[in-house]
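Work through the exercises below with the sequence and the 3D structure open. Each task is followed by a solution in steps.

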Amino acid sequence: MHIEVLPPILVLHLKRFLYDAAVDDIVKISKPVQFVPELEFPLEIMAAIVGKSAEPVHYKLCGVLYCHGDSESAGGQYYTVYVLHPNLNRVRDSGEAWLRIDGNAVSVVQHEEMFGWDENDQSEDPSEDQCVYMLFYCRTVSAQI
């Protein structure tokens, strides 16, 4: 099976709730999920399309939605979102900065806070009280040589 077309914005919605017959209720899945700032879909999984040049498809993380609340039930949840602002930080070469939006508060977040966990330590949750619920990746334009 091959992928013919990928969207401009790739939304990955993680299943965080399930019905548990033992308690006869919906429960939250609190397993930590680590994510990367960039994704690449290699040529091997892309379908060949006549008249279109073959090249890998690249995505850059542009948003993360977190679910907070009781780790045992689906009730009492609230959400925060982190978004990548394309030109907020003029100090860095890229000008990009992460913003955390939580209710009525907006704050700037350091890159290390978003991606600073140890990738080799599978037991370490980068955000102890929150679970990744959705990931938003924006397709990047390939540089034409």
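Does E96 count as buried or exposed? At 18% relative accessibility, E96 counts as buried; buried means under 20% relative accessible area, exposed over 50%, and partly exposed in between (1.4 Å probe, protein chains only).

Before going on, note that this is a predicted model, in which local features need pLDDT of at least 70 and side-chain atom pairs count only at pLDDT 80 or more, while totals for chains, interfaces and linings use all residues. Residues are numbered from 1 along each chain as its sequence is written, and side-chain values use heavy atoms, with hydrogens and water left out.

**Exercise 1. The fold in outline**

Task: state how many helices and strands the chain has, and in what order they come.

Solution.
- Step 1. Count the elements: the chain has 1 helix and 9 strands. Helices (H or I, at least four residues) and strands (E, at least two) are DSSP runs, numbered from the N terminus.
- Step 2. Read them along the sequence: the pattern is β-β-β-β-β-β-β-β-α-β.
- Step 3. Look at the contacts, meaning heavy atoms within 4.5 Å. Among contacts between residues at least 6 apart in sequence, 58% join residues at least 24 apart.
- Step 4. Turn to the surface: 28% of the 145 residues count as buried. The accessible surface comes to about 9800 Å², and 55% of that belongs to carbon and sulfur atoms. Accessible areas come from the Shrake-Rupley method with a 1.4 Å probe; for residues, only the protein chains shown count as cover.

**Exercise 2. The largest nonpolar core**

Task: find which residues of the largest nonpolar core touch the most other members.

Solution.
- Step 1. Apply the term: a nonpolar core is a set of buried Ala, Val, Leu, Ile, Met, Phe, Trp, Tyr and Cys residues joined through side-chain atoms within 4.5 Å.
- Step 2. The largest such core has 19 residues, and those touching the most other members are F35, L61, V64, W98 and M114.
- Step 3. Assign the core to elements: at least two residues come from each of β5 (57-68), β6 (78-85), α1 (111-115) and β9 (130-139). Strand β5 contributes the most, with 5 residues.
- Step 4. Take M114 as an example. Leaving aside residues up to four places away in sequence, M114 touches F35, V64, Y82, W98 and V109.

**Exercise 3. Cysteines, paired and unpaired**

Task: identify which cysteines are joined by a disulfide, and explain why C67 has no such bond.

Solution.
- Step 1. A disulfide is a covalent bond between the sulfur atoms of two cysteines. The cut-off used here is a pair of cysteine sulfur atoms within 2.5 Å.
- Step 2. The structure holds 1 disulfide, which joins C62 to C138 with an S to S distance of 2.4 Å. This pair links distant parts of the chain, 76 residues apart: C62 lies in strand β5 and C138 in strand β9.
- Step 3. The torsion about the S-S bond of C62 and C138 is about 85°, so the disulfide is right-handed.
- Step 4. Compare the cover: C62 counts as buried at 18% relative accessibility, and C138 as partly exposed at 26%.
- Step 5. The closest cysteine sulfur to that of C67 belongs to C131, and the 6.5 Å between them is too far for a bond. C131 is in no disulfide. C67 is buried at 0% relative accessible area, and C131 is buried at 7%.

**Exercise 4. Salt bridges**

Task: list the salt bridges and say where the partners of K60 and E96 lie.

Solution.
- Step 1. Side chains of opposite charge can pair when their charged atoms come close. The criterion is a side-chain nitrogen of Lys or Arg within 4 Å of a carboxyl oxygen of Asp or Glu.
- Step 2. A search of the whole structure finds 2 salt bridges.
- Step 3. One is between K60 and E96, at 2.6 Å from N to O. K60 is in strand β5 and E96 is in the loop between β6 and β7 (97-102), 36 residues apart. K60 is partly exposed, at 25%.
- Step 4. R100 and D102 also form a salt bridge, with the closest N and O atoms 3.0 Å apart. D102 is partly exposed at 25% relative accessibility, as is R100 at 21%.

**Exercise 5. A buried threonine**

Task: describe the surroundings of T80.

Solution.
- Step 1. T80 is found in strand β6 and is buried, with a relative accessible area of 1%.
- Step 2. Not counting residues up to four places away in sequence, T80 touches V64, L65, Y66, H68, R100, I101, D102 and Q130.
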